Amino acid sequence: MGINLKIFFTLFLTGMCLQAMAQDKLFTRTGTIKFVSEAPLENIEATNRQVASIIDKKTGEMRVIATIKSFYFERAAMQEHFNEKYMESDKYPTASFTGRITNLQDINFLKDGKYDATVLGDLTIHGVIHQQIVKATITVAGGQVSATASFPVVVQDYQITVPRIVRDNIARQVEVSVVMKYELINK
Amino acid sequence: MNKRILAKWISLVCLIGALSIIPQLTQAQDDLMNMLQDATEDSTEINYTTATFKTTRIVTGHSIELPAAGVLQFLIGHRFGRLNAGPYEFFGLDQATMRLGFEYGVLDRLTVGVGRSTFEKTFDGFGKYKLLRQSTGGRKMPVSLVYFTSVALNSLRWAEPERENFFSSRLSYTHQLLLARKINDGLSLQLTPTYVHHNLVPTTLDKNDIYAMGAGFRQKITKSITINGEYFYLLPDQVVTKEVFNSASLGIDIETGGHVFQLHVSNSRAMIEKMFITETTGDITNGDIHFGFNISRVFTLKRKDPAEKKKW
């Protein structure tokens, strides 16, 4: 065994380790979360395009953070009420999700395709934590990993109170949809 | 081949391998969240204070709030007669003055507006510019500051048409600085130094330039209801030939979806600055109190998501 081979072997192993560290996490800070409230008097929707998320491909652990003030509404007044009266975003500036892909074995991040993923975790909104199971679709295309999901959120569950006077303007249950395009972390 | 060198190499490889595993072993669940927080938290981000007041008026006077860019606000103000007018006048409800107004957010920090009051058939136009925005985070600003300017045009027929009258005599100007701070979620305070210029005053004893200091507050009672108050102190010996009083008002704001209802009592009857600040004739101690309300409705004419714009 020549010394050159040994150096090569060492570098190769070290490289593998570093590679593995860098490439086992997927990250985005431009994910989109949209929610729609359908009520008798009006439909309201809001979009946040600055959502951050990270997935550990090895463990299936997944995290999401959304800044409440980054939800954009068509009407400025609605956005102000959303932050001021309902979400109290000065007190609870973010909503977050801490979960895990439970069927990680079914997902091959290296092979192009669509994979159904079940994500189980804790959703924190308005300072209140609730367990949430989310059926997500993970798409791998040309090395690019993206994820989409939609699920309902019951407003009452998160201690968000809607005054009686606007009861017909705001739905009891809003539909949340999520679109994330992940990139490998390169550090 | 020296065995010692080989052993050295192997141990080095093992060490590097072990070191590379350490971060993964110590990486508890929260580390992933911390990583995400570190990556997204931007300490330079400025967090502007919003909703210092529910709407663009505290009671009758302007607040530091402006309609967002592209938003048109329609405002109707009503002031009834005096409560002490008694049952014959239905406690003032038989006589009403009103002002209809539109104001439009040209920019988030710039508003222009027009209005017409039945009181003295007055037209008014105004501009409002937000000079400072209260904020925390990357830039800390303790207060919001707005410059307000308006011109009022009295369109009553000339009292003495036979003499030479000038159009300029119909005009009055107001300049105000609105200085406000949202102290906490519930309480906001505002100071309003005011300067009013009347082109025409009744006699030479009366000042053309009038100075006043206003103060206002709002306190939240529930998420949708606030108590508001304002007071304008008129410096003495400025308005002489007419007996005038400081304007004092107290009211509540009730916010529903797209409307804000403001109900209040005040010794002032008119709804534009030059009138309620310098020409209030109601004496509170005498029971000269007017019931009134404002209704505002906002219409979003155009709006753009700032995050969407960033992409281009």
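A residue counts as buried if 20 or more other C-beta atoms lie within 10 Å of its own, as exposed if 12 or fewer do, and as partly exposed in between, with C-beta atoms placed from the backbone. Strands (E, at least two residues) and helices (H or I, at least four) are DSSP runs numbered from the N terminus, and two strands pair if DSSP finds at least two bridges between them.

The model is predicted: local features need pLDDT of at least 70 and side-chain atom pairs pLDDT 80 or more, while totals for chains, interfaces and linings use all residues. Residues are numbered from 1 along each chain as its sequence is written, and chains are lettered from A and ligands numbered from 1 in the order in which they are written.

**Exercise 1. Find the two faces of strand β12 of chain B, then its partners.**

Step 1. Go to residues 247–255 of chain B, which form β12.
Step 2. Collect the covered face: Ser247(B), Ser249(B), Gly251(B), Asp253(B) and Glu255(B).
Step 3. The uncovered face is Ala248(B), Leu250(B), Ile252(B) and Ile254(B).
Step 4. Look to one partner: β11(B) runs antiparallel to β12(B), joined by eight bridges. Here Asn228(B) has Gly251(B) as its bridge partner.
Step 5. Now take β13(B), residues 259–266, which pairs with β12(B) in the antiparallel sense over seven bridges. Ile254(B) stands opposite Phe261(B), and a hairpin of three residues links the two strands.

**Exercise 2. In what order do the strands of the chain B barrel close?**

Step 1. Follow the 12 strands: β2-β3-β4-β5-β7-β8-β9-β10-β11-β12-β13-β14, with antiparallel pairing.
Step 2. Check one pair: β10(B), residues 209–220, meets β11(B), residues 225–234, over nine antiparallel bridges. Within this pair, Met213(B) is bridged to Tyr233(B).

**Exercise 3. Trace chain A, then look at strand β6.**

Step 1. Count the elements: chain A has two helices and nine strands, in the pattern α-β-β-β-β-α-β-β-β-β-β.
Step 2. Pair β5(A), residues 94–101, with β6(A), residues 113–125: they run antiparallel and share six bridges. Gly99(A) faces Gly121(A).
Step 3. On to β7(A), residues 128–141, which pairs with β6(A) over 13 antiparallel bridges. Gly113(A) has Val140(A) as its bridge partner.
Step 4. Finish at the hairpin of β6(A) and β7(A): two residues lie between the strands, and His126(A) takes a positive phi near 55°.
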